[in-house]
Amino acid sequence: MIKTKDIKKYLLDNVEEQDPVTLEKIDRYIEFVDVLQMLLNTVKEVGVTTVTTNATQKFTKANPALAEINKLNTQLLNIERSFKFKEKDIEVERVELI
């Protein structure tokens, strides 16, 4: 798993602007990544399904963490779309056609 400090460093190095709003978005993004990693670890430990006992009934249902993981993924993608990344210089080799 990639460390959140590495993700934060990458974002700070590659966003075009360093204004307070962008910095807050980066912090929020990192907090969401931390929570997402905790939820993923919980699912790995507990499993994708859980058994619920309600009085005399016992039933299996999807782990509620899966829904939260899905919501966090959506939020992360939304924040990513709002970042203005620096353009990378790409060296293009020109080839002459004969």
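Gln37 counts as buried, since its relative accessibility is 18% and the cut-off for buried is under 20%. Keep in mind that this is a predicted model, so every value here is computed from it. Gln37 sits in helix α2. Setting aside residues up to four places away in sequence, Gln37 touches Met1, Ile2 and Thr4. There's a polar touch here too: a polar atom of the Gln37 side chain lies 3.2 Å from the backbone oxygen of Ile2.

Now for another residue of the helix. Val33 also belongs to α2, and Val33 is buried, with a relative accessible area of 8%. Which residues does Val33 contact, leaving aside its neighbours within four places in sequence? They are Thr4, Ile7 and Leu76. Val33 can also be placed against Lys3: the two are 30 residues apart along the chain, yet their C-alpha atoms are separated by 9.5 Å.

Some of those partners take us to the way the helices pack. As a rule, two packed helices are described by the angle between their axes and the distance between the axes. Here the pair is α1, residues 4-14, and α2, residues 20-46. Their axes come within 10 Å and cross at roughly 155°. Angles over 145 degrees count as roughly antiparallel, so that is how α1 and α2 run relative to each other. The crossing of the two is right-handed.

Who meets whom at this crossing? On the α1 side you'll find Thr4, Ile7, Lys8, Leu11 and Leu12. From α2 come Leu23, Ile26, Asp27, Tyr29, Ile30, Val33, Asp34 and Gln37. Sorted by character, the residues of this contact come out as 8 nonpolar, 2 polar and 3 charged. So Gln37 and Val33 are both part of the set that α2 brings to α1.

Let's move on to a loop. Ala55 is found between β1 (49-54) and β2 (57-62). Is Ala55 buried or exposed? Ala55 is exposed, because its relative accessible area is 75% and the cut-off for exposed is over 50%. Its backbone is worth a look as well: Ala55 has a positive phi of about 55°, although it isn't a glycine.

Here are the three residues side by side:

| Residue | Where | Relative accessible area | State |
|---|---|---|---|
| Gln37 | helix α2 | 18% | buried |
| Val33 | helix α2 | 8% | buried |
| Ala55 | loop between β1 and β2 | 75% | exposed |

Key:
Residues are numbered from 1 along each chain as its sequence is written. This is a predicted model: local features need pLDDT of at least 70, side-chain atom pairs count only at pLDDT 80 or more; totals for chains, interfaces and linings use all residues. Side-chain values use heavy atoms; hydrogens and water are left out. Axes are lines fitted to C-alpha atoms, for helices over the stretch in contact, and angles run from 0 to 180 degrees between N-to-C directions. Helices (H or I, at least four residues) and strands (E, at least two) are DSSP runs, numbered from the N terminus. Angles under 35 degrees count as roughly parallel, over 145 as roughly antiparallel, 65 to 115 as roughly perpendicular and the rest as oblique. A crossing is left-handed if the near helix is turned anticlockwise from the far one by less than a right angle, and right-handed if clockwise. Contact means heavy atoms within 4.5 Å. Ala, Val, Leu, Ile, Met, Phe, Trp, Tyr, Cys and Pro count as nonpolar, Asp, Glu, Lys and Arg as charged, and the others, Gly among them, as polar. Buried means under 20% relative accessible area, exposed over 50%, partly exposed in between (1.4 Å probe, protein chains only). A polar contact is a pair of N or O atoms within 3.5 Å; within protein, one must be able to donate a hydrogen and the other to accept it, and residues adjacent in sequence count only if both atoms are side-chain atoms.
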